[in-house]
Protein chains: 2
Amino acid sequence: MTAQSRPEPADTAGLQLDAYLPYRLSVASNAVSRLIARAYEDRFGLTIPQWRLICVLAEDGPINQSALVSRTGMDKVTVSRAAQGLAKRHLLERSQNDLDGRSHVVALSPEGVRLYAEIAPLALAYEAALIAGLDPSEVALLKRLLMRLQGAAGVLAGERGEGA
Amino acid sequence: MTAQSRPEPADTAGLQLDAYLPYRLSVASNAVSRLIARAYEDRFGLTIPQWRLICVLAEDGPINQSALVSRTGMDKVTVSRAAQGLAKRHLLERSQNDLDGRSHVVALSPEGVRLYAEIAPLALAYEAALIAGLDPSEVALLKRLLMRLQGAAGVLAGERGEGA
DNA sequence: GGTAGATAGTTGCAACTGATACTATCTCGC
DNA sequence: GCGAGATAGTATCAGTTGCAACTATCTACC
């Protein structure tokens, strides 16, 4: 009806922002991230990167920062700053690596372990609330698809690393 | 085996970062957003917010900025800046709204329409590449779940707006 | 064993984002 | 038609992020 004033070329017929996957993904992620970030910030004074480091350290035990980088997929600068922040609050301890003077081994302090034990249930509760009413198989599929998208994006971005 | 050195409280047993939905969501979204943002920036000098405005304007026709805000879910500051940037490049035109001196009506310029026609196929191609190999029903479910998560996050964040 | 290049981590810088405050205009009630 | 509160949009500021450059250390080869 109003098509006269804005002729859409045939090529764009399939494009609707609301149905555009990168858009949907970004909007959903922002909404969830904002929710979670606010919860951690308000109650524990933690940023998302800090919380991720705590998780990985609690799961994997003491490792160095570059391992944290590859484990979390975050930038090394982000990891560095998050670790500094946590160290300042004595939630983690950094020790020199005798085998490699460049790297520091990072580990949760007892206080950090305690904080983790305190936050983890909250984190799980948020996840549970987000997926309430969804079928577990749907959630599993969702996670699988998300990993797949991440992989595809990495490949399309010209990610190097394996093979060549 | 190494459980001795880091006793995990029972409450945290279910928490693994890799399987934590907010984490998966954020990582996937960041990967995809970075890919798309770089593509638009490199080839067209557009930011993601600018591109979203173009999409909505192409789909919906001339509207004012607050409509753009509710349509895209972006902050009004973000919309304002994106619109200014596009106006500076003459990709959109802002006209006074005679009915309301506060609001400006924003519309794509012919040049903006042309740019949209040029970018849209690229955008669709990226989406197609991302979901290559996935079953269409899976993609549909993914989009549905993402919208659902977004809604749940909004509710949990104490979103007001309807009813009370 | 000394030099070239790789790697761990930090610092500096620029861009983006979001909250707050502000101006201008509108609406409503008196 | 005037003042109080709501709304559209902009400007300002602080915090975050990622890239690039840098330092320090390690590895490998001559």
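The interface between the two chains, and the pockets and cavity of the assembly, are described below for a predicted model.

In this model, 66 residues of chain A are in contact with 66 residues of chain B, and the two chains bury about 6,300 Å² between them, with 69% of that area on carbon and sulfur atoms. On the side of chain A, the residues that lose the most area to chain B are Leu15(A), Leu17(A) and Tyr20(A), which together account for 9% of what that side buries. Polar interactions are also present across the interface, where 18 residue pairs are in polar contact, both partners being at pLDDT 80 or more, and where four salt bridges are found. One of these salt bridges joins Asp18(A) to Arg71(B), whose closest N and O atoms are 3.3 Å apart. The side of chain A that touches chain B draws at least two residues from each of α1, α2, α3 (65-72), α5 (110-130) and α6 (136-156) of chain A, and α1(A) gives the most, with 15 residues. By class, that side comprises 42 nonpolar, 10 polar and 14 charged residues.

The largest pocket has a volume of about 870 Å³, and of the 37 residues that line this pocket, Val27(A), Asn30(A), Ala31(A), Arg34(A) and Gly73(B) are the closest to its centre. Its lining receives at least two residues from each of α1 of chain A and α1, α2 (48-60), α3 (65-72) and α6 (136-156) of chain B, the largest share, 13 residues, coming from α1(A). This lining is made up of 18 nonpolar, nine polar and 10 charged residues.

For the second largest pocket, the volume is about 430 Å³, and among its 16 lining residues those closest to the centre are Gly73(A), Val27(B), Asn30(B), Ala31(B) and Arg34(B). Two or more lining residues are given by α6 of chain A and by α1 of chain B, with α1(B) supplying the largest share, six residues. Six nonpolar, six polar and four charged residues form the lining of this second pocket.

Enclosed space is represented by one cavity of 30 Å³ or more, with a volume of about 100 Å³. Its lining includes Val32(A), Ile36(A), Tyr40(A), Trp51(A) and Arg52(A) from chain A, and Leu17(B), Tyr20(B), Pro22(B) and Tyr23(B) from chain B. The elements giving two or more residues to this lining are α1 (21-44) and α2 (48-60) of chain A and α1 (21-44) of chain B, and the largest share, four residues, comes from α1(A). By class, the cavity lining has nine nonpolar, two polar and one charged residues.

Definitions and conventions: Residues are numbered from 1 along each chain as its sequence is written. Chains are lettered from A and ligands numbered from 1 in the order in which they are written. This is a predicted model: local features need pLDDT of at least 70, side-chain atom pairs count only at pLDDT 80 or more; totals for chains, interfaces and linings use all residues. Side-chain values use heavy atoms; hydrogens and water are left out. On a 1 Å grid over the protein atoms alone, a cavity is a set of points where a 1.4 Å probe fits but cannot get out, and a pocket is an open set with protein on both sides within 12 Å along at least five of seven lines; lining residues have an atom within 4 Å of a point. Grid points are joined across faces, edges and corners, and a volume is the space filled by probe spheres set on the points. Ala, Val, Leu, Ile, Met, Phe, Trp, Tyr, Cys and Pro count as nonpolar, Asp, Glu, Lys and Arg as charged, and the others, Gly among them, as polar. Contact means heavy atoms within 4.5 Å. Buried area is the accessible area (1.4 Å probe) that two parts lose on being put together, summed over both. A salt bridge is a side-chain nitrogen of Lys or Arg within 4 Å of a carboxyl oxygen of Asp or Glu. A polar contact is a pair of N or O atoms within 3.5 Å; within protein, one must be able to donate a hydrogen and the other to accept it, and residues adjacent in sequence count only if both atoms are side-chain atoms.
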